[in-house]
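Thanks for coming, everyone. I would like to walk through a few packing details in this model, beginning with one pair of helices.

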Amino acid sequence: MAPKSGKGKTNKAKTEKKKKEEKAVAPSLVDIIVVTPYDSQIVLKGISTDKILDVRKLLAVKVETCHFTNYSLSHEVKGQRLNDRVEVVTLKPCLLRMVEEDYIEESQATTHVRRLLDIIACTTKFGKPKRNIPGPDSSKPKKNGKAHNQNKNGLSPPATPNGETRVGSPTSEPASPISENVGMVAIHPTPKLSDFYEFFSFSNLTPPILHLKKCELKEEDDRGKGGYFQLQVKISNGKVIEVVASEKGFYSVGKLSLQSHTLVDLLQQLSRGFANAYGSLMKAFAERNKFGNLPYGLRSNTWLVAPSVGESLSNFPPLPAEDENWGGNGGGQGRNGEYERRPWATDFEILASLPSKTEEERVIRDRKAFLLHNQFVDTSIFKAVAAIQDVMESKSSMNSSPGSVMHQDQVGDLSIVVERGGNGKFDSTLNESSKQSDDVQKNLIKGLSADESVTVNDTSSLAVVVVHHCGYTATVKAIGKANTRKPKVQDIEIDDQPEGGANALNINSLRALLHKSGVDSSEGTLTSLSNFDDLDASKYLVRKVVEESIEKIKEEPSVSKRSIRWELGSSWMQHLQKQENSTDGSSNNNKDGSDVEPAVKGLGKQFKLLKKREKKPSDLNGADSVEQNNDEPNNDEPSSLNELETLLSPEAFLRLKESGSGLHLKSVDELINMAHKFYDEVALPKLVTDFGSLELSPVDGRTLTDFMHLRGLKMGSLGEVVKLSENLPHIQSLCIHEMITRAFKHLFKAVIASVDNAADLPSVIALTLNFLLGGCQTEDTDQTLGDDHHLKIHWLRMFLSKRFGWTLKDEFQHLRKLSILRGLCHKVGLELFPRDYDMESPKPFGKFDIISLVPVCKHVGCSSIDGRNLLESSKIALDKGKLEDAVSYGTKALAKMMTVCGPYHRNTASAYSLLAVVLYHTGDFNQATIYQQKALDINERELGLDHPDTMKSYGDLSVFYYRLQHIELALKYVNRALFLLHFTCGLSHPNTAATYINVAMMEEGMGNVHVALRYLHEALKCNKRLLGADHIQTAASYHAIAIALSLMEAYSLSVQHEQTTLKILQAKLGAEDLRTQDAAAWLEYFESKAIEQQEAAKNGTPKTDTSIASKGHLSVSDLLDFISPDNDSKGNDAQRKQRRPKVNKEDYVTKIGSFYIY
């Protein structure tokens, strides 16, 4: 539609011109040629955003150069020893040379040895656990070869191997919505916890080095030659080689004296056994993944420890990357207290005053904020953990009551307070724990006036870190008096992160080991008695804590004052602004409609009520409310105006006034009431609607919490989410599991806080886990376990009813216990041994399964809001099919995140991941793969081996590998994603169904069409049950089955399935949507092939050439080319070019949460 006025046209033209100028240049592939010290050339596949620091990372995952650590890179134009910040695109030609450098410090030689240990760790550290701890009932007689199970008094049904209990009686009531009985069938082998590290293991190979010991130099001559230390290397054949590390490299001791710059080269010369074993390992690396992502450099950062830890529980053998004996550590800044005396209060005040009106100013400010806050958080965590350890060692906590202050200290601006048990209040967070009216008011005002500086300006929240550890809570605050007047130019001087931030703090490295020396099992033959002997000694402890908790719950008021997260105010403002924009004109209305509609596209019939409910409340618009209240006395308005003006800065008040919402005319009390109404009538239903449309697809408690908190929703509303999600069984399941996990966390922390002697912790923790998660099948003579089960259910019902407003019925018997266990370990900081726990047993856990407790830290996140907004813009553009805009926004977001957070931060990984998906949709599979590999490497190292983002990278990367025709590699990664999904959301989840379709697609590529059909039919059943028969994702399942059937030349069946696909898409997306057109073109093709097949059968003619379906999942344009090869006019070419940006060879990829599937 044409503009209504010339003024509008001019503005529009200016806007379009500005957009064109702001278009970011899409990244491109770069071949980086590197000459190695062996004078051979290797080609690295880089991207135009790479720097020399990234080149070093690429060299570290090349089998030819991964063992080099001490070298520089030179360029014929740029010169010698290139700085890590030099951009690759500035190198003309892009040819670099590795130059070996002397080990001028002993630490450099130590780092080199650690690299070799890191490379070979996969042959010894991640194999199947050698420890085998039988269950407590293993010695009891079995009937018919199976353990005797008796469901006494109907306490609990039998359990499944994955830790989920099920109803076995055919006459029982209909299955609960959270039961896996109505989920997909596990076609693949049931995942086991003992296999968690198998993905990274090469235990089938001979270890190149069996043992390596560091010694002092034995000869003075060696010291004179620049020697640092001596090594005793026991290689694969048992031979011991003496090696000296020196300034010039490594040389052997003995008759045959050889010297080499690297330890690998030296050992290869000295021993054929080492050379063969190392060569086999490098070959295995190359076969595993020639693109990178090698299984080394890993850190102990998940709830399951590496199997090698079982060899020494009291020493916790670290992975090489964190081995302090070889110069490694858990990362972070301020480990030695070097930043304790920093003037934190002054720096945070200066930070809030830095210029931030333009994007360029905010980038500079945000980078300084990120560096300062990260340094503060690391320093605070180290101080908090040290203070808690001092309290525990002093034993001053003996017989102290929960909540009592055990330690207070102030170091510079840092105030450290340690409490016994800390704040036991459920869901305690920095922004959502207080009931004080001032906090409600502050958070709401903060949200309503939020801009790009909302985090930095709130110094009271930014300068607080809370650490929960071993039953204690340490709160660290920057409370010094700010001295901002002293410097003439207010600025912050802060060092950059070492290694580009690649060695950020792994909080698991600060673990408290729970076993003292002398309890290790060196032979790995711990008996049932030794593992469970102390459990009964304190069996009444948990019961006592539960009974006390029940009494406290009874005393709590039935109605408590509602708190508000500041994000709710921000979400409310966005909602009002969308409403305001929707009334600006018909053209804007259409535009805004397209912005909102994708969130509900593809919904089945059962979600229409939610959609209508979301649109119902019109009185939440501040302007409408003003009109309705015109009959009220006007003398209230000035006081309200003055009240808000007093609370807000002039700039913030002006923004609120110009927003058009009318909220600036309201009093604080009115705003609070309106915010609560928005929360109940819009925000919660909108969340559930987005769950239904798969705009959001949480897979575990962490992702569910992130989605809710981002919108200002409190976890106490989970019960209401369950009620609203009556047509979304997978969301109900996640919410129920999360509520129970949080209840268990509450009880677990209370039990830990009641233990005075730290030596009792392993037994008490095992006892608590058995009480919470153990089975209750008992013999006639045992009443204790039955009583415990009844007590647990009684307490759980009271807790969930009081804290979540939800009543527990029979859902407990359908729980995925391993998912509960995983979530509980994350929330309380518990590390367990990776073995297959028998959740059917009353005592699945023993004290030697409990390895350690790690700190759980809570603090405000600090990154680039501009960068996050660009990421969101890229997602919206991708959903609309505007790939050019998606690439532009994604590229800008990545650049901003790298500048603010550094190249190896989780936020940068998110930008890499999104841009990879965008590039994948443009057809640039190579570059998409490179970006996704970068994201995966960061996520594995910084977030954890089973973090949802890590899982997402595995799933996405598998599809990219498939498009590059590396099908076996794709299957390896998609199966890893499926393995992790099993322990998070289980088989009854849309993401798992999506992964099933991915597996089927790859099995098709391997020629296993019948196997593929099994996966596809299970995925179809799951999507129909979870989302509805008329959901867009169900249509994707029908289409995938049609493709598989066509590979079997069952074209008549393909036609039936594609007709269903087309019918759903026409109803949900309309005839003009490219996905609908795609389905119509596929249907035309299947019909033509079916007719050909029928005619061939009648005439007895030979079969036609290979089906088009075997060529892959083509786009509309490619399909039309195949069907009508003669129609190659210029008009068709122009139409093809117009379509191709939106519909590439993977256009039938349907977004489902984290994964993209056919």
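Let me begin with α27 and α28, which are roughly antiparallel to each other, where angles over 145 degrees count as roughly antiparallel, under 35 as roughly parallel, 65 to 115 as roughly perpendicular and the rest as oblique. Before going further, I should say that this is a predicted model, in which local features need pLDDT of at least 70 and side-chain atom pairs count only at pLDDT 80 or more, while totals for chains, interfaces and linings use all residues. Residues are numbered from 1 along each chain as its sequence is written, and side-chain values use heavy atoms, with hydrogens and water left out.

The axes of α27 (residues 865-879) and α28 (residues 883-901) come within 8 Å and cross at roughly 160°; axes here are lines fitted to C-alpha atoms, for helices over the stretch in contact, and angles run from 0 to 180 degrees between N-to-C directions. Helices are DSSP runs of H or I, at least four residues, and strands are runs of E, at least two, numbered from the N terminus. Among the residues that meet, with contact meaning heavy atoms within 4.5 Å, are Leu870, Leu871 and Ala877 in α27 and Tyr889, Ala893 and Met897 in α28. The residues of this contact divide into 9 nonpolar, 4 polar and 5 charged, taking Ala, Val, Leu, Ile, Met, Phe, Trp, Tyr, Cys and Pro as nonpolar, Asp, Glu, Lys and Arg as charged, and the others, Gly among them, as polar.

How do α29 and α31 pack? Helix α29 (residues 906-921) and helix α31 (residues 948-963) pack at an angle of about 30°, with their axes 11 Å apart, and they are therefore roughly parallel to each other. The contact includes Ala916, Val917 and Tyr920 of α29, together with Val959 and Phe960 of α31; by class, the contact has 5 nonpolar, 2 polar and 5 charged residues.

Turning to α2, 7 of the 9 residues of this helix (residues 52-60) are buried, so α2 is largely enclosed by the rest of the structure, buried meaning under 20% relative accessible area, with a 1.4 Å probe and protein chains only. The buried residues of α2 include Ile52, Leu53 and Asp54, and the elements they pack against include β1 (29-35), α3 (106-120) and α30 (925-942).

Finally, serine 697 sits in the loop between α20 (668-693) and α21 (701-710), and serine 697 is buried, with a relative accessible area of 7%.

Technical notes. Buried < 20%, exposed > 50% of the residue type's maximum accessible area, 1.4 Å probe, protein only.
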